[in-house]
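Work through the exercises below with the coordinates open. Each task is followed by a solution in steps.

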Amino acid sequence: MTLSIMPTKLQKPQFPPDMVVKPETTRLLSTAKINIVSAQAGSGKSTSVSHWLSNQGEPYIWYSLDEWDNDLAQFLTYLTEGIKTIAPEVSGQMDQLLSARQTIGDEALIKSFTTLVHNIRQSYILVLDDYHVINDEMIHQMMRALIGHFPLSMHLCIISREDPPFSLAKLHSQRQLTALRMSDLRFTLLETESFFSKNLNRSLTSNQLKYLFERTEGWIAGLQLTALSLQGVEDIDHFIADFSESHYYIIDYLLEEVLERHTETIRQFLLKSSIFEYFSPELCDDVLELQPGEGEKCIEFLLKTNSFLITMGSGWFRYHHLFRELLRKRLNLMERDIITTIYLRAGKWFEGKERHQEAIEHYLNGGHNELAAALIEFKWATMDLELRSSSWLDMANRLPEDLIKRSPVLSLGVGWALLDRGEVESCEAWFDIAKKLYDQWQDWALRGDILVNDLEEFKQMPVTLMNAKAYIAAVMGDYALLLKITKELQILAEQHYNKKQWVLETFVATVHWGRGELDEAIYHMMRVKNEALGPLNPLVQNSMVWVIAELYIQKGQLTQAKILLEKAIEEVKREGIVPILMATYYLYLAMIASFRGDTDQAFGLLETSKSYGHQYEFMDWQYKYYTLKARLHIQNGSWDLARRCIIKGRNSDFKNPIPESFTIEDMDLWLTLKTEEDEHALKYRIDEAINALEPFLEDDPSYTTEMKWKLIFKFAPLNSYAAKLEPICRILLDRAKIQKRWLHVIEYSVLMMRFIKSEAVKQSLLSSAKQLALDEGIELPFVEFSESLPISDKVHANLSLREPLTTRELEVLELIEKGLSNQEIANMLFIALSTVKSYNNSLFGKLEVKRRTEAVAKAKTLGLL
């Protein structure tokens, strides 16, 4: 990650050692694993927590939150930086995870980050100061996830002016949470007396003390301002007589008193420096146009006079938040030109230090939107390459929309960021704006108020826009259009010396893939993976593993795919790489096992995939997971379970430019055709499926529709459809042979047997298919598409049942048959029966018997044993 880090935001404020703190408050903070310190400004929240941290031995992370921390990536980046001092290895993995935000999405990022937090073994305290400034829902969601699955090694303390939007009742009831309110932080009369004795060089009478205590109600900010105001006052009774009943009036009154006791130079310094969240002497000298060293003198004076200045370390300071708010109210009474000039100079100072985030903040606060837009525009190319377009969009959205629509590069960036999120429809409008602005810029007379700052990225716009068109075409499965765009892209890329040649290469591979030319697709994807066209983001490079593995699987080269995946898994474990892709790797291993007919192993590998997927969910993993699981359940005849997977798969649909060999829609069609008992209804479904596919028959059937054709070939009644379907099946078989897609050759050979009357030809097709399947151990096509099921008579017998048994139920039967009657059988039987909703769907319900011995006899009769 390259987000700039301001170290002072991760440093605990340094309060004076003689600061009066309530002992009871620090004791309460140690009574639970989660603390919520919630009270109004100036109540001593940060002081109390800081004092508590200084008097206990555990390491801690103090994160001071600001308005610009309302970005999930920034929030997690600071947490990652803080964790570096406690668990450097985990911090490194978090950094890798943040680099993948765009690819995995925010919800998966939250899930994965929470998992990594649980890997921290060292006990530590995390303090989030000023949480009330956070309004980003994804950050709230992150905190809810963390609190809901709270790490054993963490002690969490949230400091806020209001309760955070979390459900805390359960934590309260379990005594896991301590909440400190204003009543806990308010000083007692005795503590008020102790405070004044330390901070005044004179004594107060008991009546004066009682009066001040009652007016401030033990509010520490009021007491501090009172102590400052009383410095040099001779008639204390006259002073306190002017106090108002309201806290707010007290603060306004006391602030006036404090400011008036300072010189004009100090007053101006206080007001003008209040625009800074944090400041240093150098920053003040340059931005406020002071004489060299004058800023340092002002800061030293404010420290000596206890003027609400807090030391942050490394030469940086900040005002107490309440004091700063009041100073800024006064600042706003100045002439607007003076204020905007200070913001402008602050923005330029931070920009000169390459601290762009602070520069953007000051430019925006001062109304210098075009300067902020220029910085954001320059950040687009880098953040896009780092797969951080989502974070960039959060930044760009702070600009006025009409300004973005004047910038071709900003409009392009917004379009791509939306496309990366899968928002295909909404992104196209922004691409149209970018194209229009680019074209207008070519004519001097039409440039008008168009904004162009990053000339290098602007020059690349024709290629970048064409890349977007290609991506959308791939997502929509329009490979003819993708081929046309790819040819145009090759010419454009040469003309513009485009640096992202690997993107073009992936489009070329996708064109071949979408046409079933898998060897060519593998060649081009391998070139990308091996960085033949330039260095890649590590996540992109590692993603190529599963992409190429899927191509090998579709070709029937299962061993090669397995070796590739296992090597990648071993590397992740050996190198300590954050396992973002492990769920996907194991999913494809499960797919390989399923094609080899090992359903048990496939389900086991899917469970491993799920264990990683719940922690580190990559892109379309969930969709693929439920699609494959639905297929496995269909093989086992578990229609209800398959249907549930289909519903879940639809809910997790992801628009992927990679061609899918089988989809959730295919599984839905499969289940519909398999379970349809009425012949007329079945024909209607078949006709409906054929009509939907016929537009793709103008040349040859589209490669991505092949699974639907296979299902039609399998279930269509021969007496009505053989004449129409046999030529199509033959075309697909011949094409698969030419393209050396041996898995598909096996499938089409088995399916072709339905349309052949000659037994000799049938046997020839079967023999050829079995020979092709032999080397790779491929069994699934014979289970799924053959009517004779030559590989396994038991599987054939099971699938012929109205409600086929699950793999686990078959295992139970086999154990019973062997005469075993131990606890293992009882446990397995219990599991088998507990996984179904009712007795009618259970092992014995399906066999329509009640006793074990009868179950075995019935199973033998049916050919199951």
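**Exercise 1. Characterise the packing of helix H3 (residues 72–83) against helix H6 (residues 106–117).**

Solution. The model is a predicted one.
Step 1: the axes of H3 and H6 come within 12 Å and cross at roughly 15°.
Step 2: angles under 35 degrees count as roughly parallel, so H3 is roughly parallel to H6.
Step 3: the crossing of H3 and H6 is left-handed.
Step 4: H3 contributes Leu 72, Leu 76, Leu 79 and Thr 80 to the contact, and H6 contributes Asp 106, Leu 109, Ile 110 and Phe 113.
Step 5: sorted by class, the contact of H3 with H6 has 6 nonpolar, 1 polar and 1 charged residues.
Step 6: for the spacing of such positions, recall that an α-helix has 3.6 residues a turn, so residues three or four places apart point the same way.

**Exercise 2. Do the same for helix H15 (residues 264–273) and helix H18 (residues 321–331).**

Solution.
Step 1: the axes of H15 and H18 come within 8 Å, with a crossing angle of roughly 100°.
Step 2: the range from 65 to 115 degrees counts as roughly perpendicular, and H15 and H18 are therefore roughly perpendicular to each other.
Step 3: on H15, Leu 270, Leu 271 and Lys 272 meet Phe 323, Leu 327, Arg 330 and Leu 331 of H18.
Step 4: the contact of H15 with H18 divides into 5 nonpolar, no polar and 2 charged residues.

**Exercise 3. How many disulfides are found in the whole structure, and where is the nearest cysteine sulfur to Cys 284?**

Solution.
Step 1: a search of the whole structure gives 0 disulfides.
Step 2: Cys 284 is in no disulfide, and the nearest cysteine sulfur, that of Cys 298, is 8.2 Å away.
Step 3: a disulfide requires a pair of cysteine sulfur atoms within 2.5 Å.
Step 4: Cys 284 is buried, with a relative accessible area of 0%.
Step 5: Cys 729 also counts as buried, at 0% relative accessibility.

**Exercise 4. Is Glu 67 buried or exposed?**

Solution.
Step 1: Glu 67 lies in the loop between strand E2 (60–64) and H3.
Step 2: the relative accessible area of Glu 67 is 51%.
Step 3: exposed means over 50%, so Glu 67 is exposed.
Step 4: the C-alpha atoms of Glu 67 and Ile 134 are separated by 6.9 Å, although these residues are 67 residues apart along the chain.

**Exercise 5. Describe Glu 354 and Lys 740 by phi, place and accessibility.**

Solution.
Step 1: phi of Glu 354 is near 60°, a positive value in a residue other than glycine.
Step 2: Glu 354 sits in the loop between helix H19 (336–352) and helix H20 (356–365), and is exposed, with a relative accessible area of 61%.
Step 3: phi of Lys 740 is near 60°, likewise a positive value in a residue other than glycine.
Step 4: Lys 740 is in the loop between helix H40 (718–738) and helix H41 (742–752), and counts as partly exposed at 43% relative accessibility.

**Exercise 6. Which residues of helix H22 (residues 389–396) are buried?**

Solution.
Step 1: the buried residues of H22 are Ser 389, Ser 390, Ser 391, Trp 392, Leu 393, Met 395 and Ala 396.
Step 2: with 7 of its 8 residues buried, H22 is largely enclosed by the rest of the structure.
Step 3: in the chain as a whole, buried residues make up 57% of the 865 residues.

Definitions and conventions: Residues are numbered from 1 along each chain as its sequence is written. This is a predicted model: local features need pLDDT of at least 70, side-chain atom pairs count only at pLDDT 80 or more; totals for chains, interfaces and linings use all residues. Side-chain values use heavy atoms; hydrogens and water are left out. Buried means under 20% relative accessible area, exposed over 50%, partly exposed in between (1.4 Å probe, protein chains only). Axes are lines fitted to C-alpha atoms, for helices over the stretch in contact, and angles run from 0 to 180 degrees between N-to-C directions. Helices (H or I, at least four residues) and strands (E, at least two) are DSSP runs, numbered from the N terminus. Angles under 35 degrees count as roughly parallel, over 145 as roughly antiparallel, 65 to 115 as roughly perpendicular and the rest as oblique. A crossing is left-handed if the near helix is turned anticlockwise from the far one by less than a right angle, and right-handed if clockwise. Contact means heavy atoms within 4.5 Å. Ala, Val, Leu, Ile, Met, Phe, Trp, Tyr, Cys and Pro count as nonpolar, Asp, Glu, Lys and Arg as charged, and the others, Gly among them, as polar.
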